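Me: I am new to this structure and would like to understand some of its local features. May I put several questions about it, one after another?

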Amino acid sequence: MQTLLRTPLFDRHVALGARMVPFAGWEMPVQYEGVIPEHMAVRTDCGVFDVSHMGELEVEGPRAQELLQLLLSNDLERLGDGQAQYTLLTNESGGIIDDLIVYRLSPFRFLLIVNAANRDGDFEWLREHEIAGSDVRDVSDEYALLAVQGPRALERLGVPEAPAFSFAESEIDGIACMINRTGYTGEQGVELMAPAEDAPELWDRVVARGAKPAGLGARDTLRLEVCYPLHGNDIGPETDAISAGLGWVCALGKDFTGVEDLRRIKAEGPQRRLVAFVMQERAIPRQGMPIEGGGEVTSGTHSPMLDRGIGMGYVPAELAEPDTDLTIDVRGKPRRAQVVKKPIYKREEGPSGGD
């Protein structure tokens, strides 16, 4: 039996009474007080997540950008120092090996923050495709990552506003960290990357400033309300970016792995699409449930903000338009749902797909 890995904050989670569960080879907190209060704290105030299980890969050298331009779907030419970009690592058929964020530290040095379950695979893929003048290193064990998210996150931390997908070296209460204007909740916030040995103190300072500890349960309900895909559920090596609605992070005018297939799928139109939906009956959809007409649920949950079942799934292209009615097999019972425009929940306009 595989021994589960632990983040530098494991003892903090146990001390707070978190329920710990296996996740991507790690022992992680799924909840503390409960998914709903943690979810609501992030939507209304500020929550903090331990995401130190994520992987960090550094690519350095005079040809580092050239290597990444060949392997990543988005266009690194758009980035300056101190800027970041959401992008995909794709295989020869345009399938999604991983979705990640790339940070330009300097013209010759980049940081990739990748999904925990894909850390080893991503590293090997990059190493296999290294070119002279580029060097790929796995530095994951050197760092911890805290996601501080919510409408009061910046106020709680005492940091100024800055553009999304920018970052800067700074400190929180004297603890040096990289403050990244990124997140996975749809709320304003930051992700703090600090040396692993400083993580417990940084966590204590952030919690003391009023951030509510939140676990993987709330992280999943939050990201699903705003339709952020989860690798391994909604996207993967067998799914392409166009069908997944991620064509916007694919610079199809440049050459990268799998781009020919992606150009063809875009030109022909995908046969299926990843859609968001809201249940019209009391039911909670779950991954793997069939959707009538040849579709399948990839992610599903109960939305705390809508107080109803929501989800995402692949359906034939002709069923993908908003307001299309769907029938989902929920544990052997047909239940009505409706396709909605993404995101399902949007603060300034209220939830989509309501009564």
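Me: Which residues of α8 are buried?
Reply: The model is a predicted one. A residue counts as buried when its relative accessible area is under 20%. In α8, the residues that meet this description are V259, L262 and I265.

Me: How wide is the arc that the buried residues of α8 cover around the axis?
Reply: The buried residues V259, L262 and I265 lie on the same side of α8, because the arc that they cover around the axis is limited. On the other side of α8, E260, A267 and E268 are exposed. The arc of the buried residues is only 125 degrees.

Me: Which residue just after α8 takes a positive phi?
Reply: The helix α8 spans residues 259–268. Just after α8 comes a residue with a positive phi of about 90 degrees, and that residue is G269.

Me: Where does G253 lie, and is G253 buried or exposed?
Reply: G253 is located in the loop between α7 and α8. The cut-off for an exposed residue is a relative accessible area over 50%. G253 has a relative accessibility of 81%, and therefore counts as exposed.

Me: What distance separates the C-alpha atoms of G253 and D75?
Reply: Along the chain, G253 and D75 are 178 residues apart. In the model, the separation of their C-alpha atoms is 9.3 Å.

Me: How are α2 and α7 oriented to each other?
Reply: Helix α2 covers residues 35–44 and helix α7 covers residues 216–225, and their axes come within 8 Å. The axes cross at roughly 55 degrees, and α2 passes α7 in a right-handed crossing. Angles of 65 to 115 degrees count as roughly perpendicular and those under 35 degrees as roughly parallel. The two helices are therefore oblique.

Me: How do the residues of the contact of α2 with α7 divide into nonpolar, polar and charged?
Reply: From α2, the contact involves V35, E38, H39, V42 and R43. From α7, G217, A218, T221, L222 and E225 take part. These residues divide into 4 nonpolar, 3 polar and 3 charged.

Me: Which residues does S303 touch, leaving aside those up to four places away in sequence?
Reply: S303 belongs to strand β16, which runs over residues 295–303. With a relative accessible area of 1%, S303 is buried. Its contacts are E225, R308 and I310.

Me: Which exposed residues are carried by the face of α4 turned away from its buried side?
Reply: Helix α4 spans residues 119–128, and its buried residues are R119, D122, F123, W125 and L126. These buried residues are on the same side of α4, because they cover an arc of only 165 degrees around the axis. The face turned away from that side carries the exposed residues D120 and E128.

Me: Is F165 buried or partly exposed?
Reply: F165 is in the loop between α5 and β10. Although not a glycine, F165 has a positive phi near 60 degrees. Its relative accessible area is 33%, so F165 is partly exposed.

Me: What is the relative accessibility of R331?
Reply: R331 is found in the loop between β18 and β19. Its phi is positive, about 55 degrees, although R331 is not a glycine. R331 counts as exposed, because its relative accessibility is 65%.

Me: What is omega for the peptide bond from K342 to P343?
Reply: P343 lies in the loop between β19 and β20. The peptide bond from K342 to P343 is cis, and its omega is near -5 degrees.

Conventions:
Residues numbered from 1 in each chain as written. Predicted model: local features only at pLDDT ≥ 70, side-chain atom pairs only at ≥ 80, totals over all residues. Heavy atoms only, no water. Axes fitted to C-alpha atoms, helices over the stretch in contact; angles between N-to-C directions. Helix = DSSP H or I, 4+ residues; strand = E, 2+ residues; numbered from the N terminus. Parallel < 35°, antiparallel > 145°, perpendicular 65-115°, else oblique. Left-handed = near helix turned anticlockwise from the far one by under 90°. Contact = heavy atoms within 4.5 Å. Nonpolar A, V, L, I, M, F, W, Y, C, P; charged D, E, K, R; others polar. Buried < 20%, exposed > 50% of the residue type's maximum accessible area, 1.4 Å probe, protein only. Arc of directions from axis to C-beta.
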